[in-house]
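Here are a few notes to help you find your way around this one. Have the structure open while you read.

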Amino acid sequence: MKKHVLIVEDARMFSKVLQNRLEEHGFSVVVAESLASARTETEKNRDLFFIALLDLNLPDAPDGEVVDHITACGIPCIVFTGYFDDELREQMIQKRVVDYVTKEDPSSIDFVIHLVCRIHENQKTRVLIVDDSATARRYVLDLLAIQQYRLAEAASGEEALAALATYPDIRVVLTDYMMPGMDGFELTKKIRLKYGRNEVAIIGMSGYGNNILSAKFIKYGASDFIIKPFLVEEFHCRVSQNVEILSHIRALEDAVTRDFLTGLYNRRHFFSVGAKLFASARRNQITLATAMLDIDHFKSVNDSHGHDVGDTALRHLARVLRKNLRETDVVARMGGEEFGLLLVNMDREALEPFLHQLCAKIANHRISCNDKVVAITASIGACATIRGSLDETLKVADRCLYRAKEQGRNMVVIE
């Protein structure tokens, strides 16, 4: 995803604070102090920026002309100004700006930073709009496009269910109530049979809105309800709040299931998922191979180069594992420098060359950190079939790992 932000602001102190705060969040920032310099930057790098932050009053553009130029370049923009009134608000909505912020508010910088981060995340968040009216659907799609969401649409409840099956990244469903065949209530109930509230948010919409309709939507499983016609700002706030709630829930789930340093699953999740996979293997629904991997001489890496280099090595190894394992496999950091692998439907003939290749790829990589280049190797022990229990199977893989260590390290031993 694009990470470059264009700031067009003639007040250097204000733009410098914005730039520093944005760079702290990992964004690359280009600053222009006039409409002329903004034109120069967009002519050079029109496709570089995913968002622009614009002052409405510039020395060579005192009446907000910069907004017209930036939107003509196809760059979404957030405007900030020292004053605001209803007429200016209507102008900004007509110009399809992402949002507007007043500089007089002390919290305005925090709001802008939050908004930029939100828009950046929206680029990987898909929203489904369900409405039998093509005109109403297009209006909502246009509003969401301004906020850079990924979009999907459906003209009926049946099409909506098909879209959910087609696009697993849908996080929000906006559904009208009054539709022929399957109405919004029925669609909400069917979605909730498969997707929980922590997976997909549902926002009901209706031009016949009242408290009873809102309450029914919520009881059937909707996360929110909005009455049409709605204010543009209210619409954006409701969608954004529901997306953020899902993001917070996911962050909490990750904190429980993932290792903080590497981003891989943790030991607890490994055993939770492993128990289910092992049960499926016992019923002959799948085959399951188990492997334990350990970085060789990891203590000497920390002692010789420092723990920051050791942490970099662990994160590097995690990336190698994620890149080389399949989506059906499970990899977790079991603790320290030890990792566990659950390989689904990989028979012995495929397992041996796969693990040897993985071992070689780890050894061939070089890790750069603090002007130091470090190489690591790993030993792997594996059990190609399941035993009486998951614990017993892991113990077999662990014994093979120790044999690999005893026989010289940087090798694979399979039971």
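1. A quick term before the sheets: two strands pair if DSSP finds at least two bridges between them. Keep in mind, too, that this is a predicted model.

2. Start with the open sheet of six strands, whose order is 11-13-14-12-17-18 and whose pairing is mixed. Its edges are strand 11 (265-266) and strand 18 (412-414), each of which pairs on one side only.

3. Inside that sheet, have a look at strand 13 (residues 330-335) and strand 14 (residues 338-344): they run antiparallel and are joined by five bridges. If you want one pair to click on, Val-331 has Leu-341 of strand 14 as its bridge partner.

4. There's also an open sheet of five strands, in the order 2-1-3-4-5, and here the pairing is parallel. Strand 2 (28-32) and strand 5 (99-102) are the edge strands. From one strand to the next, the twist averages 20 degrees.

5. Strand 4 (residues 77-81) runs parallel to strand 5, with four bridges between them. Look for Thr-81, which sits opposite Thr-102 of strand 5. Lying across strands 1, 3, 4 and 5 is helix 5 (residues 108-122), at about 160 degrees to strand 3.

6. Now for a helix pair. Where do helix 13 (residues 307-324) and helix 14 (residues 348-364) meet, and at what angle? Their axes come within 11 Å and cross at roughly 145 degrees, and the crossing is right-handed. Helix 13 brings Leu-317, Val-320, Leu-321 and Asn-324 to the contact, while helix 14 brings Phe-354, Leu-358, Lys-361 and Ile-362. By class, that's six nonpolar residues, one polar and one charged.

Technical notes
Residues numbered from 1 in each chain as written. Predicted model: local features only at pLDDT ≥ 70, side-chain atom pairs only at ≥ 80, totals over all residues. Heavy atoms only, no water. Axes fitted to C-alpha atoms, helices over the stretch in contact; angles between N-to-C directions. Helix = DSSP H or I, 4+ residues; strand = E, 2+ residues; numbered from the N terminus. Left-handed = near helix turned anticlockwise from the far one by under 90°. Contact = heavy atoms within 4.5 Å. Nonpolar A, V, L, I, M, F, W, Y, C, P; charged D, E, K, R; others polar.
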